[in-house]
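Colleague: I have a model open and want to learn how to read its helices and strands. Can you take me through a few features?

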Amino acid sequence: MPDITLNAVVLRATNYRESDRMLTLLSPERGRIDAIARGCRKSTSRLLPASQLFASGEFLFSERKNATTQYMSLRSAYIHDAFFPIASNYDALQNAVYLLEWCLRVIQPGQNTEELFSLLLTSLTHFAYGDLRPGRVTAVFLARLSVVLGVKPAIDACAHCGVSSPVPRLWDAAMGGVVCKQCVPSAPPVESEALDAFAEALTCDASFALKATDQAMRSMRTLMMRFLDCTLA
Ligand SMILES: [Zn+2]
């Protein structure tokens, strides 16, 4: 089978046997890729830098077949960025790993994931080299992830009956976001600052520079974590 070169970023790296690693990568053209990096944990291996979490660049794979399955074997890589500073900042590391987990949860093999790939790399760049609090980056990531996945919550109108700008604005993740009192009387109110932060997160540029306060960003992050959990369960 022919070799194939793909842009990708390493989402998961699990030690395997004495010196191998099983990698899961996100590729914009091919979605999820599972590959083995043989011998990558030997100190002399050329594959070592490409077999770490967050490593991104061009990866050359061979497609192999054994008796039962087809799999990819990593042959070489040209790493554009390893995002090394993330590892030395605990808060950034926790947030970055959380984003990788979301990617692992939503991607499939053979899927076009250009938007998600770009969103992830922008977020990792902020964690590694930016001044933003990591939690703010995660909040923007989650807001945009809902759009990338086509599950954006209703914000301006009731998700059930469509009435615009309901007062009060209540929240029901299972119903799709904002709801009105007539549709779901038992739903809790949602902070308007969190909804404003969400709207801002969708329109800001790659700087992720938002006017929203840290408190509003925290509320929006929690809202989106629960919303995505519920919607994608
Ligand atoms: Zn309604």
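**Reading a helix and a set of strands**

Modeller: Gladly. Keep in mind that this is a predicted model. Start with the hairpin of strand 1 and strand 2, where 3 residues lie between the strands. There, Arg17 takes a positive phi near 50°.

Colleague: How many bridges join strand 1 to strand 2?

Modeller: Strand 1 (residues 3-16) and strand 2 run antiparallel, joined by 7 bridges. Pick one pair to follow: Thr14 has Met22 of strand 2 as its bridge partner.

Colleague: Which residue of strand 3 does Met22 stand opposite?

Modeller: Ile36. Strand 2 also pairs with strand 3 (residues 31-37), again over 7 bridges and in the antiparallel sense. A hairpin of 3 residues makes the link from strand 2 to strand 3.

Colleague: Is strand 2 mostly covered or mostly open?

Modeller: Mostly covered. Of the 8 residues in strand 2 (residues 20-27), 6 are buried.

Colleague: Now the helix. What span should I expect for helix 5 at 1.5 Å a residue?

Modeller: For its 19 residues, 27 Å is expected. Helix 5 (residues 214-232) reaches 26 Å from first C-alpha to last, close to that value.

Colleague: Which residues of helix 5 are buried?

Modeller: First, the general idea. An α-helix has 3.6 residues a turn, so residues three or four places apart point the same way. In helix 5, the buried residues include Ala216, Met220, Leu223 and Phe227. Met217, Arg221, Met224 and Leu228 are also among them, as is Ser219.

Colleague: What do those buried residues pack against?

Modeller: Three elements are named here: helix 3 (134-148), strand 7 (177-179) and helix 4 (192-203).

Notes:
Residues numbered from 1 in each chain as written. Predicted model: local features only at pLDDT ≥ 70, side-chain atom pairs only at ≥ 80, totals over all residues. Helix = DSSP H or I, 4+ residues; strand = E, 2+ residues; numbered from the N terminus. Expected span 1.5 Å × (residues − 1). Buried ≥ 20, exposed ≤ 12 C-beta atoms within 10 Å, placed from the backbone. Contact = placed C-beta atoms within 7 Å. Pairing = 2+ DSSP bridges.
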